Amino acid sequence: MAESTIKAQEEKMVKAIETTKERLTAIRAGKANVNMLDNILVNSYGSPAPIRQVANLSAPEAKLIVIEPWDKSMIKEIEKSIIQSNMGFNPNNDGKVIRIMLPDLTTERRKEYVKIAKKEIEDGKIAIRNIRKDANNALRKLEKDSLISEDELKLHETTVQNLTDKYIKDLDQIYVAKEKEITTI
């Protein structure tokens with residue numbers, strides 16, 4: 001019973017790592033990445049929709065993102081959403097596709113992106129610590145209900161702490177790699 005609780009919490013920790021990685025892909029490094037547009041919502045027939053649901057996104061070159069709307073009448077809405085996203089992009093609309101030429105990152109902008117990455121990593125660590133807390137609370141309830149002994153509780157809490165330490169260390173390594181990706185010119 002306690003093992004299944006620990007396994008379930010470990011799966012949640014893995015999911016927290018994956019979510020953090022996904023959020024980091026939206027942070028611009030040196031080259032074009034369509035994931036940078038994932039947080040942009042487009043007004044699609046009266047309701048907000050992720051840009052991926054209204055257009056095909058591609059990065060054919062290192063400094064270029066091409067957005068090809070499935071419905072050409074959406075092109076102005078997509079362009080407007082990109083401008084309003086405050087990501088510093090200047091979309092170029094030719095009536096069929098939108099091209100975004102990525103400007104070189106300034107040192108100041110790189111530092112800003114590093115701070116954003118650090119915050120995403122910290123959010124991931126908080127999620128993992130909350131999962132640890134939930135796991136320990138579930139284990140204490142098992143001990144309180146006499147389903148596991150006090151010694152088993154301590155053993156399982158140690159296992160949960162070891163998992164927490166492992167995944168927080170993984171996040172630290174992910175941050176180091178992302179920071180290097182952002183700051184490398």
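These questions and answers walk through a predicted model of one protein chain.

Q: Which element of the chain has the highest mean pLDDT?
A: The model is predicted, so confidence comes first. The mean pLDDT of the chain is 89, and 98% of its residues reach 70 or more. Among the elements, strand 1 (residues 41–44) has the lowest mean, 88. The highest mean, 94, belongs to helix 4.

Q: What pattern does the chain follow along the sequence?
A: The chain has 4 helices and 6 strands. Read along the sequence, these elements give the pattern α-β-β-β-β-α-β-β-α-α.

Q: Is the chain a compact globule or more spread out?
A: Along its principal axes, the C-alpha trace spans about 70 × 40 × 25 Å. The globule rule gives 16 Å for 185 residues. The radius of gyration is 22 Å, well over that value, so the chain is more spread out.

Q: What share of the contacts with a separation of 6 or more comes from residues 24 or more positions apart?
A: Contact here means heavy atoms within 4.5 Å. Take the contacts in the chain with a separation of 6 or more. Residues 24 or more positions apart account for 63%.

Q: Which residues touch the most other members of the largest nonpolar core?
A: This core has 27 residues. Helix 1 (2–25), helix 3 (107–144) and helix 4 (150–183) each supply at least two of them. A second, separate core has 21 residues, including A32, I51, L57 and I78. In the largest core, the residues that touch the most other members are I128 and L139.

Q: Which residues does I128 contact, leaving aside its neighbours within four places in sequence?
A: I128 belongs to the largest nonpolar core. Leave aside its neighbours within four places in sequence. The contacts of I128 are then M13, A16, I17, T164, Y167, I168 and L171.

Q: Is N136 buried or exposed?
A: N136 lies in helix 3. Leaving aside neighbours within four places in sequence, N136 is in contact with E157 and V160. Its relative accessible area is 11%. Buried means under 20%, so N136 is buried.

Q: Which strands stand at the edges of the open sheet?
A: The sheet has 4 strands in the order 3-4-6-5, with antiparallel pairing. An edge strand here has a single partner, so one side is left without a neighbour in the sheet. The edge strands are strand 3 (55–61) and strand 5 (91–93).

Q: How many bridges pair strand 3 and strand 4?
A: A hairpin joins strand 3 to strand 4 through 2 residues. The bridge partner of E61 is L64 in strand 4. The two strands pair in the antiparallel sense, and the number of bridges is 5.

Q: Which residue in strand 6 stands opposite L64?
A: Strand 4 and strand 6 pair in the antiparallel sense over 4 bridges. Strand 4 is mostly covered, with 5 of its 6 residues buried. Opposite L64 in strand 6 stands M101.

Q: Which residue in the turn between strand 5 and strand 6 has a positive phi?
A: Strand 5 and strand 6 (residues 98–101) run antiparallel, joined by 3 bridges. One bridge links N92 to R99 in strand 6. The two strands form a hairpin with 4 residues between them. The turn residue with a positive phi, about 95°, is G95.

Q: Which residues form the uncovered face of strand 6?
A: In a regular strand the side chains alternate between the two faces of the sheet. Strand 6 has a covered face, made of I98 and I100. Its uncovered face is R99 and M101.

Q: What angle does the direction of helix 2 make with that of strand 5?
A: Neighbouring strands of the sheet are turned by 25° against each other on average, direction ignored. Helix 2 (residues 75–84) packs on the sheet and touches strand 3, strand 4 (64–69), strand 5 and strand 6. With the direction of strand 5, the direction of helix 2 makes about 165°.

How values were computed
Residues are numbered from 1 along each chain as its sequence is written. This is a predicted model: local features need pLDDT of at least 70, side-chain atom pairs count only at pLDDT 80 or more; totals for chains, interfaces and linings use all residues. Side-chain values use heavy atoms; hydrogens and water are left out. A nonpolar core is a set of buried Ala, Val, Leu, Ile, Met, Phe, Trp, Tyr and Cys residues joined through side-chain atoms within 4.5 Å. Buried means under 20% relative accessible area, exposed over 50%, partly exposed in between (1.4 Å probe, protein chains only). pLDDT is the predictor's confidence in each residue, from 0 to 100. Two strands pair if DSSP finds at least two bridges between them. Axes are lines fitted to C-alpha atoms, for helices over the stretch in contact, and angles run from 0 to 180 degrees between N-to-C directions. The radius of gyration is taken over C-alpha atoms; the globule rule is 2.2 Å times the number of residues to the power 0.38.
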